[in-house]
Every structure is written in C-alpha cells, then in structure tokens.
Amino acid sequence: MILRPRTSLTALAALLAAPSTLALAADPHGDGVEVEQQEDVLYCKERRLGTWFYCERPKEAPRAAAGPAASARSQLAAISANLEELKARAILDPSAENVTAYVRFQREQLDRSSLFADVWQRALWQDPGLDYTLQRPVSTLGKRAWIDQRKTDRDLAMAKLSGRYGVFYFYASSCGACDIFAPILKAVSDRYGLAVLAVSMDGGPTATFPNYVVDAGQYERLGLGTDRQVPALVLFDSVTKQPMPIGYGILSQDEIMDRVFQLTQVQPGSDF
C-alpha cells in the first residue's frame, strides 16, 4: 500500500521526461490551439494502445483509380444514342416534358454542327491546300473560267496527238447509230488530223470511211470483250502499243475530245 504513490509519481515523471510527448499547433477550426499527441514509449510501445492514443496513423482509404478518358468517337456515339432515345420517348409519350427535352437536345446538336461547319469553312479560306474549289470552281464565274481554260488546254493537246495516237472505229453496216456517229468522228479527225481506221464488224462498207477493213479479231485483241457492241472507239498509242477504249455508242465531238484529253493528258485521280 505504501508503494502506490511512489509508482504513480514514477510513471508521471516518465511521461513528463519522454521526448515529443506534447506539441502545440494552430487549430483553424477551434479556439486557436490544439494539443497533438505524439508517439509515446509507455503507451505505444509497452502498452500498445494503438490508434486511440495516436500511436498509429489512421490508414487512408484507397483512392479509386481514374478510368481512361472516353474517346471522341464514343462520346459522339453516346450523343447519337441519347438523341435517338429522346426522340423515341417523345414519339411514344408525347408529353410536354418529353418533347421539350428532345427539341432542346436536338437544338444543342444543331448548334454544335453549325459551329463545326463554320470552323470548317474558315479553315478552307485560310489554307489554300485544303480548298478544292481552287482546282474545280463551283461558282458560276469561276466555273466558266475553268471550262474555257480546259478547252484551250484540250485543243492544244489534241493538235499534237496525231503524231503518236490513232483511233480504231468499229462499226456495222446495219447499225443506225453508226450512221449518225461516223460523221461526228470524221469532223474530229479532219479538225486535228487524227488518223481513223474503220473496222467493219459485219463486212459491210461505210460511206464516211471508205478505206475500211473487216474485223479479223481486232475487236477482242484491243480489249473490247466479246459483246461486239458498236459503234466503239479505241485510242491506240503507237509508242507504248497500248489500246485505250474511249467509249461506245453515239458521242458528241466534245465528248470524244474530252475523253481523249483525259486518257492522254490527265493522271488518274488528279482531276477530281
């Protein structure tokens, strides 16, 4: 019984002598001062009182990992799906709330589309490499100027073709379309000095091209197939020995010249 006060005093002295037992810190939410309990040897090490005496810091809850950001395409798909859902809901249950929600959401998407179209147009104005109308104008004035320049280039090219190219003209004496087409082809030939070899598919003559020959397999060898469609035109390159079918049926003079120009002067894909 005599040892109790001495034991209490000894424990109190140990508490007062322990380093970092008490610390003062500003308390923004309280009265300005708070006492912060630090780790103590007696309570934390020997008695292991744990969290309640600030011997162990409370463990923070693990933060949820942020998911990957949705792609632009998935966001656009979600907008489309939402629009369709609102539309279906407004049709099946045409209440004022449902119709208003659909119209409001649709208007938002129309505004977004208008903004995209406006920025698109401004981008084309500021970058000539993106403006296709510089290659193929769409305005009335620009289109007229483009057509006039194209005809000038075509006529100059056609005037130089006779030294390298010739035309095979396949016809039949019983073909009414051939009687109409032959004078048109003759006019182009006379204008540009383009050599034309008429080939009769049935052995009959033609008044427009009296120096004709009878077909002996030329039609198939020039890549026209086995349908034997007449009238038919094939441009032949005497340098590369390559045939280039121009077309079938009745063609106007402009159509003949345009197609010859395309086949001989314009790279595929560059004119569109």
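Start by selecting Phe-236 in this predicted model: with a relative accessible area of 23%, Phe-236 is partly exposed, because buried would require under 20%. Now add Phe-168, which counts as buried at 18% relative accessibility. Show both rings and count the aromatic pairs in the model; there are eight. Phe-168 and Phe-236 make an edge-to-face pair, with 6.0 Å from centre to centre and 90° between the planes. Follow the chain from one ring to the other: Phe-168 belongs to strand S3 and Phe-236 to strand S6, 68 residues apart.

Stay with the rings and pick Tyr-169 and Tyr-171. This pair is stacked, at 5.6 Å centre to centre and 20° between the planes. Tyr-169 is buried at 0% relative accessible area, and Tyr-171 is buried too, at 2%. Add Phe-181, Phe-209 and Tyr-212 to see the cluster that ring pairs build with these two tyrosines.

Next comes the largest nonpolar core, with 35 residues. Which of its residues touch the most other members? Select Tyr-169, Phe-170, Leu-233 and Ile-256. Elements giving two or more residues to this core include strand S3 (165–171), helix H6 (176–192) and helix H8 (253–265). Centre on Leu-233 and look for its contacts, among them Val-167, Phe-181, Pro-245 and Ile-256.

Finish on H8. Its buried residues are Ile-256, Met-257, Val-260, Phe-261 and Thr-264. They cover an arc of only 125° around the axis, so they sit on the same side of H8. What do they pack against? Colour helix H5 (140–159), S3, H6, S6 and S7 to see the partners of the buried residues of H8.

How values were computed. Residues numbered from 1 in each chain as written. Predicted model: local features only at pLDDT ≥ 70, side-chain atom pairs only at ≥ 80, totals over all residues. Heavy atoms only, no water. Core = buried A, V, L, I, M, F, W, Y, C linked by side-chain atoms within 4.5 Å. Buried < 20%, exposed > 50% of the residue type's maximum accessible area, 1.4 Å probe, protein only. Helix = DSSP H or I, 4+ residues; strand = E, 2+ residues; numbered from the N terminus. Contact = heavy atoms within 4.5 Å. Arc of directions from axis to C-beta. Phe/Tyr/Trp six-rings, centres within 6.5 Å; stacked < 30°, edge-to-face > 60°. Lists of a residue's contacts leave out its neighbours within four places in sequence.
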